[in-house]
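Reader: Before we discuss charge pairing, could you put the model on the page and then take my questions in turn?

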Amino acid sequence: MSDATEANGTAGEAEVAEPGRDTAKTTEGTGSAVGRHVRVVLVDDHRMFRTGVQAEIGQTARTGVEVVGEAPDVDQAVAVITRTRPEVVLLDVHLPGGGGVEVLRRSAALMADPEQPVRFLALSVSDAAEDVIGVIRGGARGYVTKTITGSDLIDSIFRVQEGDAVFSPRLAGFVLDAFASTDAPPVDEDLDRLTQREREVLRLIARGYAYKEIGKQLFISVKTVESHVSAVLRKLQLSNRHELTRWATARRLV
């Protein structure tokens, strides 16, 4: 799987797998038993990426992974997760409707279920420290980037199912810095008011991108970009993009 695959996808409708689809636990042709099984929901706003992940990990007879549903945005993700009650959710950080953090917030009761907890593994193209820390604070059990191999992703899914914490090697340092260091910076309450998508727009605006360029970067319309900018200015109590740029630069977000 590659970042290029993620970039070429388009959002689709939420889907739930038919009960019993491809649920065998032995590897055909080899005679060896998988010996383990996990039910997974894929949450990513690019259909082609979801299709690629499904093809890579979803052959249950070989991998032990059963993909029971998928969704492209926050609302549909929460609905599918609630309906299917998977053991692990592969969650993109940047989603329409509030981002992965919002999915985690609305799934808090499912994560806390002592009998059948739903566990989350972030799978994102982003390796930004604020994204990693944001979803871990939200309750995710791990964070891996989309450069991960299929076999490593399968292994990570099972480790999360078992309750382990899993991170791509260089990302673990972000978590240690944020949670283990006595010198960790305080939470930026202003930044925390922004959704993940609003943070993306903020960062691109501060770098000097035009609305049309931002739309192409994030696969959203210019009108949607304008809406996000308005929301950011309102939440941060700023008047224009020049003030926004200074605000982002002061926090080293650019």
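**Buried charges and their partners**

Author: In this predicted model, K146 and D92 are both buried.

Reader: How far apart in sequence are the parts that K146 and D92 tie together?

Author: The side chains of these two residues meet in a salt bridge, at 3.8 Å from N to O. K146 lies in the loop between strand 6 and helix 8, whereas D92 lies in the loop between strand 4 (88-91) and helix 5 (99-106), so the parts that the pair ties together are separated in sequence by 54 residues.

Reader: Which residue is linked with D92 and K146 in a network of salt bridges?

Author: Side chains of opposite charge can pair when their charged atoms come close. The salt bridge between K146 and D92 belongs to a network whose other member is D44.

Reader: Is R197, which meets D45 in a salt bridge, buried or exposed?

Author: The side chains of R197 and D45 come together at 3.3 Å, N to O. R197 lies in helix 11 (residues 196-206) and D45 in the loop between strand 2 (38-43) and helix 2 (47-57), so the pair ties together parts 152 residues apart in sequence. Buried means under 20% relative accessible area, and because R197 has a relative accessibility of 8%, R197 counts as buried.

Reader: What is the relative accessible area of R50, the salt-bridge partner of E70?

Author: The closest N and O atoms of E70 and R50 are 2.8 Å apart. E70 lies in strand 3 (residues 65-71) and R50 in helix 2, so the salt bridge ties together parts 20 residues apart in sequence. E70 is buried at 10%, and R50 is also buried, with a relative accessible area of 1%.

Definitions and conventions. Residues numbered from 1 in each chain as written. Predicted model: local features only at pLDDT ≥ 70, side-chain atom pairs only at ≥ 80, totals over all residues. Heavy atoms only, no water. Salt bridge = Lys/Arg side-chain N within 4 Å of Asp/Glu carboxyl O. Helix = DSSP H or I, 4+ residues; strand = E, 2+ residues; numbered from the N terminus. Buried < 20%, exposed > 50% of the residue type's maximum accessible area, 1.4 Å probe, protein only.
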